[in-house]
Amino acid sequence: MTQDIDRARDAALEAIRTAGSVADLDQVVADHLGKRGTLATLKKGLGSIGDPDERKQAGASMHAARAAVEEAADERRASLGDAEIDARIADERLDLTEHRHAGSRGHLHIVTQAWERLEDVFLGLGFSVAEGPEVETDWHNFEALNMGEGHPARGEFDTLFVDHVPPGGSAGSTLLRTHTSPVQIRTMLTQEPPIYVVAPGRVFRRDTPDATHMPVFHQIEGLVVDRGISMTDLAGTIEAFTKAFFGSGFTSRLRPSYFPFTEPSAEFDIQRPDGSWLELGGCGMVHPEVIRAGGLDPEEWSGFAFGFGIDRMAVMRHGVADIRDMYVNDIRFIEQF
Ligand code: FA5
């Protein structure tokens, strides 16, 4: 009997050792220790051993065998469990590190790239870069640009005002610039003509974000003031820019429009190689009143100005469907450009 018990124990121990999973092990335990298992069946036979000493010895062997099998099963379960948990963790592991390229140094944002390329193209056409503040006075942003108080065109710019009253000024006279056009005034007031400048920068409007609008966006302004400047110079500059920036397959056109600070005024569109037209921005001959506000004599000096949205331009160049995509900072979007 004792030999049978030892054999059953060894068989159980071997099966435990080779069990490949916790489920296998459960089956092995059931087969050997369970109610109908090998050891249980032998245990039932203990009562039929006639000799008390032999029965006692067989009982002790049975006890030791079950203890050995249980202990071995517990150990194996622990190590199989650890291995399975490790395997499951490895299997279910999510790569939360979005930045996958070790050593990648990143790059400039799509709008910054467009901004810098625009500067490069205009520098190549002989322009220099001018700047102005983002927090502006009502005078530079509107008044000097021929939009006096109550001018209906002011309503087209949903203006964000700054809670600041300058010395000698009045409430509501400080604002976030609604366009880059005030840089025209600042440049004329500080530079002697001839003036050939572009002024890229951030502008602000109380616009609700949608596929083509942001409340904070970017424009680039162009201003030329010289002697004998005409609308032809404006059209020629726009055309040279269009070809340099978009490629030789692109062309441009001017359409009559209205801005208080230019006369005549135009919208300019570009034509893509597929023949479709896209509106890019506004332009025109600088209004004599604006030349005067810049401290210059409109009898002596004439000029043209233009302004367009850098964000819209980046959207067009890269075929981005929604302008907001450029500002949610999803690395999967940003990485593409
Ligand atoms: C102006 O801001 C004029 N200052 C442009 C100008 C300059 C005309 C010099 C004449 C001479 P407008 O409001 O149309 O014009 O804006 C110019 C461009 O800015 C638009 O064509 C568009 O490309 C861009 N833009 C306007 N609003 C938004 C917005 N909310 N989000 C993104 N881009 C915008």
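How far is a nitrogen atom of the ligand from a polar backbone atom of M214? Let us walk through the structure and come to that at the ligand. This is a predicted model, in which local features need pLDDT of at least 70 and side-chain atom pairs count only at pLDDT 80 or more, while totals for chains, interfaces and linings use all residues. Residues are numbered from 1 along each chain as its sequence is written, and side-chain values use heavy atoms, with hydrogens and water left out.

We begin with the overall layout. The protein is divided into domain 1 (2–92) and domain 2 (110–334), with bounds from an automatic or database domain assignment. The centres of the two domains, taken over C-alpha atoms, are 85 Å apart.

Now to the ligand. Of the 25 residues around the ligand (those with a heavy atom within 4 Å of it), H179, S181, R205, D207 and M214 come nearest. Here is the reply to the opening question: the distance to the M214 backbone atom is 2.9 Å. A ligand nitrogen also lies 2.8 Å from an N or O atom in the side chain of D207. The protein covers 92% of the 680 Å² of accessible area that the ligand has on its own (Shrake-Rupley method, 1.4 Å probe).

Finally, look inside. The largest nonpolar core (buried Ala, Val, Leu, Ile, Met, Phe, Trp, Tyr and Cys residues joined through side-chain atoms within 4.5 Å; buried means under 20% relative accessible area, with a 1.4 Å probe and protein chains only) has 40 residues, of which F241, F306 and F308 touch the most other members. A second, separate core of 24 residues includes A144, V183, L223 and A305.

Key:
Buried means under 20% relative accessible area, exposed over 50%, partly exposed in between (1.4 Å probe, protein chains only). A polar contact is a pair of N or O atoms within 3.5 Å; within protein, one must be able to donate a hydrogen and the other to accept it, and residues adjacent in sequence count only if both atoms are side-chain atoms.
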